[in-house]
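Biologist: I have a model open and I'd like to learn how to read it feature by feature. Can you walk me through it?

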Amino acid sequence: MSTGRVVLVGAGPGSPDLITLRGAAALGRAEVVVYDSLSCPELLELAPASAEHIDVGKRGHDAPTRGQDEINALLVRLARAGRYVVRLKGGDPFVFGRGGEEVSACRAAGVPVEVIPGVSSAVAAAAAAGIPVTDRRHAASVAVVTGHRDASRPWTGIRWDRLATGADTLVILMGMRNLEKITATLIDAGRSPETPAAVVMEAETPRQRVVRGPLHDIARRSREAGLGAPAVVVVGDVVTLSNESTGRGLAGRRVLVTRPASADDPLVAALVAAGAEPVCVPTVRVEAVAADPEPDDARRVAGCDDLLFTSRNAVRFLRERLARSGIDPATLDARVWCVGEATAEAARTSGFPRPRVPHARYQAAALLDAIRAEGPLRGRRFLFARGLRAGNTLPAGLREDGAIVDEWVLYRTVPENFDAPALAARLVRGELDALTFTSPSAVKAFAAGLGAEALEAARRSTVAAIGSVTAEALRAVGLVAHAVPERAGMGALVEALERLSRAAEEEGR
Ligand code: SAH
């Protein structure tokens, strides 16, 4: 029988996309994946469907499901049966992961073993809170220590007395249970009680939380805030840099998305990129105004010189309409104009030829300027694919310059039948940190669906509106938009929320 092998793969902390390319490739070849509770379940999807999954779920030291010896024996047995075994471990396999013991066991048994490093929480959890573990101005050394052993007992083998002042930055893993004792021991050994410290819990997950405070008070503060494992404790002057965070500004925030559901929604994507957990409850949906092709559909598109899109929906509904008439967008001669990059991307994927985007701002006025800059408009025939409630800036401006504008209303926004009681309950429980609105119709449907108590609760969340018209609609239902971005676009909306969230964090320090 051929011998298999054991590959120890570092999964990285928290978020599944922190695995290395090499680690992902090993998972793709796995016949068996042996993992524990700290690694992300999503990563198992990288393994072939035929791969066996074995959860050896060791949750810290409280209730080990399987002893380390048992895990070692399991790895050896699986590899001896000829299988390609991926041992997936949180963070890096060799940073307090007992990876060393697993490697030794394999070697002793003559089983081939390989290690693929991972992003360790020792560095990444701090970074997720905007803390660099070293920094030329503050720290030239960093020590990574386990807090698992009782620091008040001299026989633990950890030289806390030396570590206390021996390294500029201390990063303590598995330290939550003993945090009081650890901080007291460090202070006894000469570390200043005022040394800045931070606890970063569940870094790089939507549940990430950060608590800061001076060394003498950090244990109390994090206990009061309800923090627990898994968390990393960072001690040292570098913690003062955390407000210069380049981390993800909405980490751990639950953000309501009321816009219509769509598979590749740019707002949802921007929220995820900022570390937030989007909660999608569409209060409106878009539907075609008339589903059947009209006899003059073909003439309408064939007869235009320029085609205008100011939304992804317009692209989608025109494409669907053309498909019903058997027209391939790629065969159109017209110049295609799009208000922004997201719309242009939709046009490209739908097969419309060479969409143009004004580079300045993603607004109708900028698109109008770009079109004007291309040459005289008199007599030019524009086809404006639009929703029922599109703005008038663009067609009015074009007509002013003598263009002929055919406005084709393809879709409209209607209230969605959303689960209002469930949403109301979440609002009342204070589960949603921020609410986003990208159209007046979404605001109206939201307010119409919820009761007075839920609307009152909504006032306690941060509210963001895509622009001034939507902000006005919020005012009309008694809500205040705390964030209204100056630029258009979903990215700007998320940035505005990130700025608010940072400002609030500063205040709470
Ligand atoms: N090999 C892992 C560490 C395993 S020990 C690594 O390199 O990251 C488990 C400890 O790691 C936890 O008690 C906690 O201190 C830390 N940890 C792991 N994942 C974490 C996360 N997402 N956020 C904060 N700390 C984490």
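Biologist: Let me begin with V144: what does its relative accessibility of 38% make it count as?

Modeller: Bear in mind that this is a predicted model. Buried means under 20% relative accessible area and exposed means over 50%, with partly exposed in between. V144 has 38% relative accessibility, so V144 counts as partly exposed. You'll find V144 in strand β6, which covers residues 142-146.

Biologist: Which residues make the nonpolar surface patch with V144?

Modeller: F96, V142 and M174 make the patch together with V144, and its area is about 300 Å².

Biologist: Zooming out, how many helices and strands are there in the protein?

Modeller: Count 18 helices and 19 strands. The C-alpha trace spans about 90 × 60 × 45 Å along its principal axes. Of the 509 residues in the protein, 49% are buried.

Biologist: On to the ligand. Which residues come nearest?

Modeller: There are 19 residues around the ligand, and D92, V95, S120, S121 and A231 come nearest. Sorted by type, the residues of that shell are 12 nonpolar, five polar and two charged. On the level of elements, α4 (121-128) and β10 (231-235) each supply at least two of the shell residues.

Biologist: And what does a nitrogen atom of the ligand sit 2.8 Å from?

Modeller: To read a polar contact, look for a pair of N or O atoms within 3.5 Å. Here a ligand nitrogen is 2.8 Å from a polar backbone atom of D92. An oxygen atom of the ligand is 2.7 Å from an N or O atom in the S121 side chain. With A231 the partner is a polar backbone atom, 2.7 Å from an oxygen atom of the ligand. As for cover, the ligand has 540 Å² of accessible area on its own, and the protein covers 91% of that.

Biologist: Next, charges. Why can side chains of opposite charge pair?

Modeller: They can do so when their charged atoms come close. The cut-off for a salt bridge is 4 Å, from a side-chain nitrogen of Lys or Arg to a carboxyl oxygen of Asp or Glu. By that rule the count comes to 32 salt bridges.

Biologist: Take D306 and R335. Where in the chain are the two residues that this pair links?

Modeller: Their side chains meet in a salt bridge at 2.9 Å, N to O. The pair links distant parts of the chain, 29 residues apart: D306 is in strand β14 (residues 306-309) and R335 is in strand β15 (residues 335-338). D306 has 0% relative accessibility, so D306 counts as buried. R335, at 27%, counts as partly exposed.

Biologist: What about R356 and E374: how far apart, N to O, are they in their salt bridge?

Modeller: That one comes out at 3.0 Å. It also links distant parts of the chain, with R356 in the loop between α11 (341-350) and α12 (364-373), and E374 in the loop between α12 and β16 (381-387), 18 residues apart. R356 counts as partly exposed at 30% relative accessibility, and E374 counts as partly exposed at 43%.

Biologist: And R429, is that buried or exposed?

Modeller: Exposed, because its relative accessibility is 55%. The side chain of R429 meets that of E431 in a salt bridge, 2.6 Å from N to O. E431 is partly exposed, with a relative accessible area of 21%.

Biologist: Which residues are linked in a network of salt bridges?

Modeller: D36, R87, K89 and E102 are linked that way.

Biologist: Last topic, the backbone. What kind of peptide bond joins A229 and P230?

Modeller: Check omega: it is about -5° there, and the bond is cis. P230 lies in the loop between α7 (218-224) and β10.

Biologist: Which sign does phi have at R98?

Modeller: Positive, about 60°, although R98 is not a glycine. R98 lies in the loop between β4 (84-89) and α3 (99-108), and at 40% relative accessibility R98 counts as partly exposed. E202, also not a glycine, has a positive phi of about 45°. Look for E202 in the loop between β8 (196-201) and β9 (209-214).

How values were computed. Residues numbered from 1 in each chain as written. Predicted model: local features only at pLDDT ≥ 70, side-chain atom pairs only at ≥ 80, totals over all residues. Heavy atoms only, no water. Near = heavy atom within 4 Å. Polar contact = N/O pair within 3.5 Å; in protein donor to acceptor, adjacent residues only side chain to side chain. Areas by Shrake-Rupley, 256 points an atom, 1.4 Å probe, with all protein chains shown as cover. Helix = DSSP H or I, 4+ residues; strand = E, 2+ residues; numbered from the N terminus. Nonpolar A, V, L, I, M, F, W, Y, C, P; charged D, E, K, R; others polar. Patch = residues over 30% accessible without salt bridge, like charges linked within 9 Å, V, L, I, M, F, W, Y side chains within 5 Å. Buried < 20%, exposed > 50% of the residue type's maximum accessible area, 1.4 Å probe, protein only.
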